[in-house]
Amino acid sequence: MLLREVEYAKPGSVAEALQLLAANEGARALAGGQTLVNVMKARAASPDMLVDLNGLEELRGVELAGDGTLTIGAMTTYTELMRSAEAKARPILGEVCATIADVQVRNRGTIGGNVCSNDPTNHLPPLMVAVGARMTIVGADGEREVPAEEFFLGVYLTAVGPGELLTRISVPAGKKDGFAAVTLGAEGTCICNAAATVNGSVRVALGCVDAVPVLVTADSAGGVADAVRAANLMPPSDVHASSAYRTHLAAVLATRAAEEATAR
Amino acid sequence: MSETTLAPAPVEVQKGWGGQSVKRKEDKRLLQGEGVFVDDVKRHGMGYLHFVRSPYAHAHITRIDVSAAEAIDGVYGTLTGEEVAALTDPFFQISSAPGANIKDYSLAVGKVRYVGEPVVAVVAETRELARDASELVEVDYEPLDALVDARRAQDPGAPVLHDDAGGNLMWKGLYSWGDLESAFAEADRVVKIPELHFHRFNSTPLECDGALVEFNRGVGQWTIHTNNQFPGFAAIMMGPAMKVGLDKLRFVTQDIGGGFGNKITSHPQLVVCCLLARKLNRPVQWTEWRTDFHLSMSHGNERWFHDTEVAVKEDGTLLGFRTKALDDAGAWLRYEPLGGVIWAQVTPGMYRWRHIELEFTQVATNKAPVSPNRGYSRMQHLWFTERVMDIVAHELGLDPVEVRKRNYIRAEDMPYETPNGCVYDSGDYAAMLDLALELVGYDSMAGRRADAEARGKRLGVGIGSTLDSGTNNFGQSRLINPELQFSGNNEVATVKLDIFGEIVVTLGTTPQGQGHETTAAQVVADILGCSPDDVHVRAGHDSYWNSHAGFSGTYASQFAVTGLSAVKGATEMLAAEIKKLAGAVFGGVPEEALELADGGVRIKDNPDAFLPFMACGAIINANNAGLPEDLDVTLNCRYVYRPPFEVPDVEKKFGNLTLTYAAQIHVAVVEVDLETGSYEIVDYAAVDDCGKRINPQIVEGQVMGATAQALGAAVHETFEYDEDGNLLTPNFYDYHVPHALDMPPLATGAIESPSPFTPLGTKGMGEGGGAGIHAICAAIQDATGQVVTDSHNPFQRVWELMQR
Amino acid sequence: MDVTVTVNGETYEREVEPRKLLIHFLRDDLDLTGSHIGCDTGNCGACSVIVDGTLLKSCMLLAVQADGSSIETVEGLGEDGELTRLQRAFNEHHALQCGYCTPGMLMSATALLRENPSPSEDEIKKALQGNICRCTGYWNIVEAVKSVADA
Amino acid sequence: MNVSGERTFAAPRDTVWHVLNDPASMAKTMPGVESFDIHDDKRWTANVKIPLGLGGLKMKVDMEKVEEREPEFAKLAVKGNGVGAIMNMMTSFTLADAAGGATSMAWAAEVKILGPVGSMGQRVLQPIVNQQVQHVLTALDGQVQEAMGKTA
């Protein structure tokens, strides 16, 4: 409960936030804080400075374009996304967000924070990969867009580099999506999860089986299990599941997610 | 979602407040955030204590340097194991040799024996600063191999925790009753079970431990504000170690955020607080955080049962069993090896087998010390007896319901003397099972099984039971160590009439949510003829109130017997005194002609002759001139309830170890997902019989709570260690406790078999959760068709079962 | 840093270190000890409070982040020392035992009922998912909330 | 957790040995080193900062050479502290001559993470170990090349 000493800054704009991050090597952006603050309680990570993004309205909100593309501000909370009329255009997003943690966490935790922390048990990294999301990153050199498949680099490591910020995520139109998970307790931390999208072929992204989401594709839901097996997964073992059990679950859950997506 | 079904009560329900679900008196302050929990207590100038804890499971401490920490502005001081060893004696050991020989201090001395063991204490001006400074304490360790698996503890070459004990064996005893050889000769079958494992977990009360300790230099006395739930035990551990009289240790508590036995053994940390309060001459505050609690406080006993052999008749009649119990005490014997005898309160479980042999071995390992956890030591053993029932049924191809009914101790057998001399007071287990089965709709299971199959699921039904033995005979400690001079039990209550007629009750207990203020008020109200609203029960505990005895505390399912019997005794004394006083005031009216009613005392035949309690209190306390010289009345009555116990026979390990036996029978219905091994509890029933219920709603609340804890333990909760002795579930992130969405539909039921042995017909209760752990095991066995050998069944284990 | 907050209608101004969590600020600096701490990983919900109308766990928010906000805690429920309907329902349904989780549970239920005055049983359970209780098994808590919702 | 591998350096064995056993050179191979203290020829301490998505992890890393057989084998005990846990690493490397005047190095590290880190901490710390090993090996290449340049 007792953090190391830390400086706190509350920028008034994204530009100011970027300046703060660039000027202070030990600075770290603070989004919802529902992961970061806990890691700081354990004194595992101890940034020198927290640059609080709460209050930057430009990073909030969900927009729906004419072609059905959704643009989600990085600081949009899970609750905001669940309530957004626009986000209903891609129903799976709100449905999955509704199963993340609990009300209090969903009220504060953000879409951007979920993907940027890239804890392998998180729900959104595989979902973003499955739906083919694109992430917009801004830094001193301006904006760049990174497809979700290239965004996740390692545990707690993403394409967002030092001095950069994720500003928004765009999700293309689509409805045929599915998500399946085995969790620790009802709607708890994922032991293994899978997100699927059908768009001609089936794309399934698996979570909890590697440092980053693992993408497999198949012609139909029936071929997904084989595709997962062909991926030769080597999931980590931990107190909640052995590598072998996760490997088994990956094929089962990938199929279930794909079947759900196909059935929509 | 929950329904309550009451079977016809076997006796007439007593009229009055007792037996009614009176709303709890303690709720208002708790609902308004006005409870006083230990971390709410503050004192001017207090320093915050932070423990430097061992990162190693087993290591020599080669150097400690606190200078950098002490050099920081705002750091008040530190305490090391070396200082502790100079200032205190090792804690008294309950065990006989070899466990008796270990030297247990309140901080690690020379060696650490589990990850999280307190090594140095740092006190500073703020909580944050204390933790900052603790990071500057330099401790050098020379790592040793860790012993994690109790089954390896006695192997040659195994790492040895306590050189003083000459090995890792702490205590061993052979229990043997009846004639096992003849039972095996008579048996049609011998069912063999190589290994059963009851896992390590605890109840994780939501509030962790803590203390605020003040030292009064003038009189050399400590005031210890703490949430320790058994101050009487803490005192007898702390006083001799600190070389002070027990009156120098004043324990004060108001509200406690859950205990479940887990808050009995905080005495080492309290000693550290005491020493630092004296050393630094300022109040010292310690709050244990969740990770600290998981690492170092009060794990439940992990136990194996090896080489079990069960003598069985073809029809499922069980004659007897032999088994070897191996108990993992963790690094220190903080309450152990009492677990080595407590189980014997329920030796045969609910069954009539008469020939039993159990070899009990307790060893030390490089894990957190164990101590009582709701259902302490009986839960493990009852899980074992229940597992035997279902494994025998499985082996013989019999219905688990039929095997149970064939072997249950019958209502007409009560009171029933067990093979080891315990006396089950009352109960009707078969009737309870019938009620539980009815509550889950057992007759409709065939259809539900088919329905589940159609959805790719497999349905399973499982039964579990516990005997909630309550009110210990502490004489059983002599079976562990014949030198010990403990026996019997006691509890105190004081009831007085104050000057303005207020009825004030002081308990000796330290409740943690059991509603003692309410039930005590109900008992008082019935005797004094008033409303529970008129009865003021002091919140919490203060040892300076002088309303406690050696065994006072809240533990081991005993309040409904010890606490309420003390309240009854004290109130009856007070009632007699009020009548004596009134008789004198009315001019020599005999007591038989008087009655208590409507907040006063009156002459039965002349209700106008009425003396309100207020007048009684005023006369005795403030207006007593002219009273007869020989009128022996104080209106301040202290009563010690002492249950009827004998010292057990140490040689034969025979005797009555507990006064009452509340029972619970649970039935769980699960649906297993065949592909993933995940499962859902789709139906659940819990039936309780705790004799006379003073407050049925509070009793039902205890049943529900114990059930929820059982389901958590059965499915998710485990203190799992890796091979190096790191705890892998050090907080709620990995140690998943059930939340609202995890709870199945629950039907509760109750029958009442009053205890013939207690003044109110009550039995202690609240520890029935073991039934649930077993019910889940049995349901999984039923669903998968595979024998379940572990008490903890996360989804992976069920998936693995189905791979067999 | 200077922090100004309004808690239960009263304004407080304090100087705090940026690292101080809101729950410690409430309990230690403002002496509002009704909100509790039951874990150190954001799981238990005993510290739940309502900040500017939003239910949050005050252990995952820095006190400085609450600057300028209006906070509701258990101490602010009810007026003139009287219990609210929800609090009375907790008493009637025996929805608390040790009472340690109760303040957080009440805040979560209060937030739910404001948003959804007649929640279903499933909605109640989901709304309370972030609050751990080790005593009651939740059944009576759900019943208590339901009784207020039904009314 | 065990990690191991083999690597060939285009340099003679003595050069590689020298780099591996020179604290100053080693310091340059460690990513994020903020300061470095050499206590004696067997014991060094580095203060490092490891960049990570959650913010920099600051660690004090103590190294002690516990065994050496010049110029083929050395064993280092490495202890990292300060992230709410202790990372203990026993690293050994064995050098052998390879074809064309190169040197092959077989290395192995046994990594233990001690403390109440739980699965979240494990997930943070294990990838750090992998990442660090990769960084060290890459940097070693550079150091060996630099040493070759000096001797050339």
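1. A residue is called buried when its relative accessible area is under 20%. That cut-off underlies the first observation on this predicted model: in chain C, helix α1 (residues 22-29) has 6 of its 8 residues buried, so the helix is largely enclosed by the rest of the structure.

2. The buried positions of α1(C) are C:L22, C:I23, C:H24, C:F25, C:L26 and C:R27. Their packing partners come from two chains, since the buried residues of the helix pack against α4 (127-134) of chain B and also against β1 (2-7), β2 (10-15), β3 (48-51) and β5 (70-72) of chain C. Just after the helix, C:D31 adopts a positive phi of about 60 degrees.

3. Turning to chain A, the secondary structure comprises 10 helices and 14 strands, and the C-alpha trace spans about 50 × 45 × 35 Å along its principal axes. The radius of gyration of chain A is 18 Å, which agrees with the value near 18 Å that a compact globule of 264 residues would have.

4. Within chain A, buried residues account for 62% of the 264 residues. Of the contacts in this chain between residues at least 6 apart in sequence, 60% join residues at least 24 apart.

5. As for the surface of chain A, about 9,100 Å² is exposed, and carbon and sulfur atoms supply 51% of that area. The side chains of chain A include 21 positive and 29 negative ones, with the centres of the two sets lying 6 Å apart.

Methods
Residues are numbered from 1 along each chain as its sequence is written. Chains are lettered from A and ligands numbered from 1 in the order in which they are written. This is a predicted model: local features need pLDDT of at least 70, side-chain atom pairs count only at pLDDT 80 or more; totals for chains, interfaces and linings use all residues. Side-chain values use heavy atoms; hydrogens and water are left out. Helices (H or I, at least four residues) and strands (E, at least two) are DSSP runs, numbered from the N terminus. The radius of gyration is taken over C-alpha atoms; the globule rule is 2.2 Å times the number of residues to the power 0.38. Buried means under 20% relative accessible area, exposed over 50%, partly exposed in between (1.4 Å probe, protein chains only). Contact means heavy atoms within 4.5 Å. Accessible areas come from the Shrake-Rupley method with a 1.4 Å probe; for residues, only the protein chains shown count as cover. Lys and Arg count as positive and Asp and Glu as negative; His and the chain ends are not counted. The place of a charge is taken as NZ of Lys, CZ of Arg, CG of Asp or CD of Glu.
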